[in-house]
Amino acid sequence: SAVAAEHETIRSCVHVLGHASSTGSMLAAAAATLGCVSETGRRDSIIGEGGVQSLLPLLGRGDDGETHAARTLCSLAIDSGSHRALSEGLAAMVSIASSATSATSAGEFAPAAAMTTIHRMASGGVEAAQHAIACSCEGVSLLVHRLNGSGVEQRESACSLRHLCGRAEAQ
């Protein structure tokens, strides 16, 4: 069936992402494939197979693998079930998101995806993710800095900060 084939695709991609001999192009293809599967609504299956943990090491590479991983993680972040695992990669996401200019160009998919992931984590209601962001000076600084950006950036950052401001560690 299509569902069984999709499940095997997920397992194969996670395996490629975790295999030391995988080349950069193999990693990028596996990350992109997981992104496509995520967009079909199979986020829970990807999360359950360890997809978040498999994608996180691609962040910070500065290549196509990073771009596809950031976009896929952003898609997975729609499901708050991914937020605990995503919090393990917060420092890398903040670093990538910080590299964006306030007006994101067409070639800067990774920074925009990383920033959206951070917003989803901040507003998702998952204790571990909100704790990680609130305890990250760099993460909070990034959100505050984006209050100087476009109207959309201001609105998104204000919403994220509102979700974090009641936390003791953010005081």
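Visitor: In what order do the elements of the chain run from the N terminus on?
Guide: This is a predicted model. The secondary structure comes to 11 helices and zero strands. From the N terminus on, the order is therefore α-α-α-α-α-α-α-α-α-α-α.

Visitor: How compact is the chain, going by its radius of gyration?
Guide: The C-alpha atoms fill a box of roughly 50 × 30 × 25 Å along the principal axes. For 171 residues the globule rule gives 16 Å, and the chain comes close to that, so it is as compact as a globular protein of that length. The radius of gyration of the chain is 16 Å.

Visitor: What percentage of the residues in the chain is buried?
Guide: Buried means under 20% relative accessible area. The chain has 171 residues, and the buried share of them is 44%.

Visitor: What share of the exposed area do carbon and sulfur atoms supply?
Guide: The chain exposes about 8100 Å². Of that area, carbon and sulfur atoms supply 54%.

Visitor: Among contacts between residues at least 6 apart in sequence, what share joins residues at least 24 apart?
Guide: Contact means heavy atoms within 4.5 Å. Take the pairs at least 6 apart in sequence, then keep those at least 24 apart. The share is 65%.

Visitor: Which helix gives the most to the largest nonpolar core?
Guide: In soluble globular proteins, nonpolar side chains tend to be buried together. Here the largest nonpolar core has 43 residues. Those with the most contacts inside it are L34, V52, L55, L59, L73, I118 and I133. With seven residues in this core, the top contributor is α8.

Visitor: Which residues does L55 contact, leaving aside its neighbours within four places in sequence?
Guide: L55 is among the residues with the most contacts inside the largest nonpolar core. With the neighbours within four places set aside, its contacts are L17, A31, L34, A69, T72, L73 and L76.

Visitor: Why do the buried residues of α10 lie on the same side?
Guide: Helix α10 spans residues 137-145, and its buried residues are G139, L142 and L143. Because they cover an arc of only 95 degrees around the axis, they sit on the same side of α10. An α-helix has 3.6 residues a turn, so residues three or four places apart point the same way. The value that decides it is the arc: 95 degrees.

Visitor: Which helices do the buried residues of α10 pack against?
Guide: The face turned away from the buried side carries the exposed residues C137, E138 and H145. The buried residues of α10 pack against α7, α8, α9 and α11.

Visitor: Is S45 buried or exposed?
Guide: S45 is found in helix α3, residues 43-48. A polar contact of 2.9 Å joins its side chain to that of R42. The relative accessibility of S45 is 14%, so S45 counts as buried.

Visitor: Which residues does G124 touch, not counting those up to four places away in sequence?
Guide: G124 lies in the loop between α8 and α9. G124 is partly exposed, at a relative accessible area of 31%. Its C-alpha atom is separated by 20 Å from that of E138, 14 residues apart along the chain. With residues up to four places away left out, G124 touches S80 and H83.

Visitor: Is P57 buried or exposed?
Guide: P57 is in the loop between α4 and α5. P57 and T33 are 24 residues apart in sequence and 16 Å apart in space, C-alpha to C-alpha. The relative accessible area of P57 is 56%, so P57 is exposed.

Key
Residues are numbered from 1 along each chain as its sequence is written. This is a predicted model: local features need pLDDT of at least 70, side-chain atom pairs count only at pLDDT 80 or more; totals for chains, interfaces and linings use all residues. Side-chain values use heavy atoms; hydrogens and water are left out. Buried means under 20% relative accessible area, exposed over 50%, partly exposed in between (1.4 Å probe, protein chains only). Helices (H or I, at least four residues) and strands (E, at least two) are DSSP runs, numbered from the N terminus. The arc is that of the directions from the helix axis to the C-beta atoms. A nonpolar core is a set of buried Ala, Val, Leu, Ile, Met, Phe, Trp, Tyr and Cys residues joined through side-chain atoms within 4.5 Å. A polar contact is a pair of N or O atoms within 3.5 Å; within protein, one must be able to donate a hydrogen and the other to accept it, and residues adjacent in sequence count only if both atoms are side-chain atoms. The radius of gyration is taken over C-alpha atoms; the globule rule is 2.2 Å times the number of residues to the power 0.38. Accessible areas come from the Shrake-Rupley method with a 1.4 Å probe; for residues, only the protein chains shown count as cover.
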